[in-house]
Amino acid sequence: MLCICTAAAAQDSLRHHHAEDSTDVFFRHLQLNELTVTGVTGDTKLKHATAPVSIISPQTLRATASTNIIDAIAHQPGVSQLTTGGSISKPIIRGLGYNRVVVMSEGVRQEGQQWGDEHGVEVDGSSVGSVEILKGPASLMYGSDAMAGVVILHAQPTLAEGELKGNISTEYQTNNGLFHYSLQMAGNQKGFVWDARYSDKMAHAYQNKYDDYVPGSQFSERAGRLMLGINKVWGHSRLTWTAYHLTPSIVEGERDTETGELEREEGWTGHQYGKSLPFQQVKHYKAVWDNALNLSSGCLKAIIGYQQNRRQEFEESEDDYELYFKLHTLTYDLRYITNEWNGWKLSTGIGGMYQKSGNEGEEYLIPDYRLFDFGLYATATKAFGDRWTLSGGLRYDHRRLHGYELMEDGEMRFEDFTRHFNGVTGSIGAVCNISDHFNLRLNLARGFRTPNMSELASNGVHEGSLRYELGNRQLKAEYSLQADLGLDFTSRYVSAQLALFANRIDNYIFIRGEGQEVRGERMDYPVYVYTQGDARLLGFEAGVDFHPVHSVHFSNAFSYVDAQLTSYLSPLTSQDKYLPFTPAPKWSSELKWELFHHSHTTVNHHHTTDATHRSPFNNLYVAVGLDCYLRQTHIYRADDTETETPGYALLSLSAGTDIQWRGKKVAEFHITADNLLDKAYQNHLSRLKYADVNVVTGRRGVYNMGRNITFKVVISIN
């Protein structure tokens, strides 16, 4: 069974293990015995997790150069991102994405029209303290949609009693001129806790050596967060408000028919900030009330969240939007977790959500709809000494979807319909701590996902995908059965992990071309229809970290997934054998040298000396990295949906340090040079890969960002 964190409970758990100045101590040697996560049945040591869990520490997040939070975590083994330019990223876990991955933020599932190709995750990366990635079906705790896994974005933990802290962070990237700053202040006075943050980000168009500056790749982002709460012996109660605004321009990739250059407005230079037509305006608002009550026999947790997502698309004018989705989501979760007795820990609860979505634009793609679901679940964990841990659970889900009728120009655009879905899911797993250095884990989990409204009832031009999409109201719910086998080895000089998985999905939903076209105002759009068949995915992640001396680390990781259809309405051919948008095999390697790392105190008979006083620098490091993406030939070739992607390698350099004054950290500084050799490449999961062909060079699509140097400074305020 997956050991799963809730954001609220994880704040307190992570506080003790993710201290600001010692975060990397726990991650440096992958000491699984030392790290604690918050499971469905309470705090659980990571070595007792029966399925793969990846933890990204605060220090790692701050040292990573990225344009959004999903971009920051996409370097993890088994995790990829489907991108549209620099500002829009969708998480892909082991070859599955969209509505098959649940993103948790502020303790509730993030709901923002994630069915769309060009719809990213509406979360300010600066407000994320750490990240937990669950790989594999997690429907037991999250219900429908958590088939591939869950990305849990933890907020920074509340401060200890009497503390008042803040920070000012700023960042600049040379390629796209990205400028970002964030201001934060938090405190805890007699149990009254608060945390306030404001962030702003803007970037002009990025460039590469084939396309020069890419028109439409500029964006701006603005976000705010306020948390007020009470921490007491009896538990806690916290109320959090967030606001997130993103304005990404849209890369159309149209080229001049004679020169082959990307079309640009007259006078456009590429260094200009601000939006240009076409563009999107995305606004996401959230309020979350998180409560925990400590009882003599356990803990009662209740969390309620409200979200409003507004997504507008402007094509011809900055004053008139063509497409406008407004989505309201109310989520709820109530659970009871027992204290441990005789090695047993139990948990039970109910959770679900209500959604209301409406069209307020001039164009339509999906109908107005209402959604209501709930799930009942129970889990149990039993520890047998220090060696064996068994865990399992069951869940029942019910979801009701109702799409509303729409008449347009006297014709039926959307018909009124209602669908009901029921699902029974569960998992069972075991982990054996064979020794202090070696762990063996096995997990079997069943996933469940209902079709979303786009898959059921689309009827219109999807400008972001340049196609006319038709839904299928007869689609069945997806079910998956995945087996995971994991091996972990940790020693003084070597840490290694191997995670194998096999996943079978019944009624896998995908979109398929019909070989027809529909006449549009600007162009002819190919017609695509949602359909389904059975699929299977096989793959693994492997990693090894050599640290022959304490200050030197040579880490390597390899991830691979093979995703194929096993049955369909018609006989399968080489054209439609593989699932679309499967990430290419990837090997990542990094050599890191920690020049200064003071975390101890020296003592003699006369006085005590803090080692951090010796130098103004602490945690000083330099690193060189190499990301190798192998050639991807396992593609969905039907209807020219995908093309093969050649292999490539990207070299990076990075360095960073903490700056100290009188033994206290006052600032951090990081510098990262990505794509150091200015390689022209296209990631297989970049949607810009399928833009227009350059008639001069014969190259199709827009290429990814060239060389980019990032400077980050974080100033601590105590």
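**Note on the predicted model**

1. The protein chain folds, by its secondary structure, into 6 helices and 39 strands, and the reader should keep in mind from the start that this is a predicted model. Of the 718 residues in the protein chain, 59% are buried. The area that the protein chain exposes comes to about 29,500 Å², and 57% of that area is supplied by carbon and sulfur atoms.

2. A word on contacts along the chain may help here. If one takes the contacts in the protein chain between residues at least 6 apart in sequence, 68% of them join residues at least 24 apart.

3. Strand β4 (residues 79-84) is a good place to look at burial in detail. It is largely enclosed by the rest of the structure, because 6 of its 6 residues are buried. Both faces of β4 are covered, with V79, Q81 and T83 buried on one side and S80, L82 and T84 buried on the other.

4. Which strand is joined to β4 by 6 bridges? The partner is strand β5 (residues 88-93), and the two strands run antiparallel. Within this pairing, T84 is found opposite I88 in β5. The hairpin of β4 and β5 has 3 residues between the strands, and G85 there adopts a positive phi near 75°.

5. The loop between β4 and β5 also holds S87. Is S87 buried or exposed? Its relative accessible area is 11%, so S87 is buried, the cut-off for this class being under 20%. Once neighbours within four places in sequence are set aside, S87 is in contact with N68, F219, L246 and P248.

6. G701 offers another example of a loop residue, as it is found in the loop between β38 (664-674) and β39 (708-717). With a relative accessible area of 1%, G701 is buried. Not counting residues up to four places away in sequence, G701 touches D211, R255, Q682, L688, K689, Y690, A691 and D692. For one of these residues, Q682, a distance can be given: its C-alpha atom is separated from that of G701 by 8.6 Å, while the two residues are 19 residues apart along the chain.

7. In which order do the 5 strands of the open sheet stand? The order is β3-β8-β9-β6-β7, and the pairing is mixed. At the edges stand β3 (53-56) and β7 (108-109), each with a single partner strand, so one side of each is left without a neighbour in the sheet. Strand β6 (residues 101-105) and strand β9 (residues 149-155) run parallel and are joined by 5 bridges. In this pair, M104 of the sheet stands opposite I152 in β9.

8. The surface deserves a careful look as well, since a nonpolar patch is found there. F192, L226, L228, I230, W234, W241, L293, L295, L300, L334, I350 and L376 form this patch, and together they have about 960 Å² of accessible area. Strand β15 (residues 219-232) gives the most to the nonpolar patch, with 3 residues.

9. I350, one of the residues of the nonpolar patch, lies in strand β20 (residues 344-359). Its relative accessibility is 30%, and I350 therefore counts as partly exposed. S87 and G701, by comparison, are both loop residues that count as buried, with relative accessible areas of 11% and 1%.

Note on methods
Residues numbered from 1 in each chain as written. Predicted model: local features only at pLDDT ≥ 70, side-chain atom pairs only at ≥ 80, totals over all residues. Heavy atoms only, no water. Patch = residues over 30% accessible without salt bridge, like charges linked within 9 Å, V, L, I, M, F, W, Y side chains within 5 Å. Areas by Shrake-Rupley, 256 points an atom, 1.4 Å probe, with all protein chains shown as cover. Salt bridge = Lys/Arg side-chain N within 4 Å of Asp/Glu carboxyl O. Helix = DSSP H or I, 4+ residues; strand = E, 2+ residues; numbered from the N terminus. Buried < 20%, exposed > 50% of the residue type's maximum accessible area, 1.4 Å probe, protein only. Pairing = 2+ DSSP bridges. Contact = heavy atoms within 4.5 Å.
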